[in-house]
Amino acid sequence: MPDLSPGTADAAAVNALRSAVMRLGRRLKHQRVDESLSPTEMSVLGTLSLCGSATPGELARKEHVQPPSMTRIVALLEAKGLVRLEPHPDDRRQKVVSQTEQAEAMLEESRNKRNAWLASLAEGLDEDDWAKLRAAAPVLEKLAHL
């Protein structure tokens, strides 16, 4: 386990990682296809794309928001034609949220734009740095899901 007490080299590395990830994340958020969607709405669509259909409660847990907030987000996405609500197969009191083909197409376009932007940045790296970044990607993915 790394020593994360203040003043250690590990604490400095954590601080540098946090700062770099936040800056890069902010810059990636600006590479949007549809400016009318909030980052939270895009995140919900991304979760549906990755995990498949879910109840609003499941989405709230995955997105770390309160259920009433997710209910509002789902309603906004439904009004924009990006998700549909269907009856839950086992519990009539609940609904299942699924993304529409329009959402799938928009997400694909958004991913392509962000990937192209990130690839253009990576072109400025030397081969050694690019190799390190490729090797770090699975670790960052794992960290994102802990």
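User: Welcome me in gently: in this predicted model, where in helix 6 does the kink of about 35° lie?

Analyst: Happy to help! Helix 6 has a kink of about 35°. The proline P138 follows shortly after the kink. The residue where the kink lies is A136.

User: How far apart are the end C-alpha atoms of helix 6, residues 127–144?

Analyst: Let's start from what to expect. Helix 6 has 18 residues, and at 1.5 Å a residue they should span 26 Å. The distance between the end C-alpha atoms agrees with that: 25 Å.

User: At the start of helix 6, which residue's backbone nitrogen does a side-chain oxygen of D126 reach?

Analyst: Look at the start of helix 6, where D126 offers a side-chain oxygen. That oxygen comes to within 3.2 Å of a backbone nitrogen, and the nitrogen belongs to D128.

User: How do helix 2 and helix 5 pack, roughly parallel or roughly perpendicular?

Analyst: Two packed helices are described by the angle between their axes and the distance between the axes. For helix 2 (residues 39–51) and helix 5 (residues 101–122), the axes are 11 Å apart and the angle is about 105°. Angles of 65 to 115 degrees count as roughly perpendicular, so helix 2 is, relative to helix 5, roughly perpendicular.

User: How many nonpolar residues are in the contact of helix 2 with helix 4?

Analyst: Helix 4 covers residues 67–79, and its axis lies 10 Å from that of helix 2, at an angle of about 85°. Helix 2 brings T40, E41, V44 and L45, while helix 4 brings M70, I73, L76 and L77. Among these residues, 1 is polar and 1 is charged, and the number of nonpolar ones is 6.

Note on methods: Residues are numbered from 1 along each chain as its sequence is written. This is a predicted model: local features need pLDDT of at least 70, side-chain atom pairs count only at pLDDT 80 or more; totals for chains, interfaces and linings use all residues. Side-chain values use heavy atoms; hydrogens and water are left out. Helices (H or I, at least four residues) and strands (E, at least two) are DSSP runs, numbered from the N terminus. The expected span of a helix is 1.5 Å times one less than its number of residues. The bend at a residue is the angle between axes fitted to the seven residues ending there and the seven starting there. A polar contact is a pair of N or O atoms within 3.5 Å; within protein, one must be able to donate a hydrogen and the other to accept it, and residues adjacent in sequence count only if both atoms are side-chain atoms. Axes are lines fitted to C-alpha atoms, for helices over the stretch in contact, and angles run from 0 to 180 degrees between N-to-C directions. Angles under 35 degrees count as roughly parallel, over 145 as roughly antiparallel, 65 to 115 as roughly perpendicular and the rest as oblique. Contact means heavy atoms within 4.5 Å. Ala, Val, Leu, Ile, Met, Phe, Trp, Tyr, Cys and Pro count as nonpolar, Asp, Glu, Lys and Arg as charged, and the others, Gly among them, as polar.
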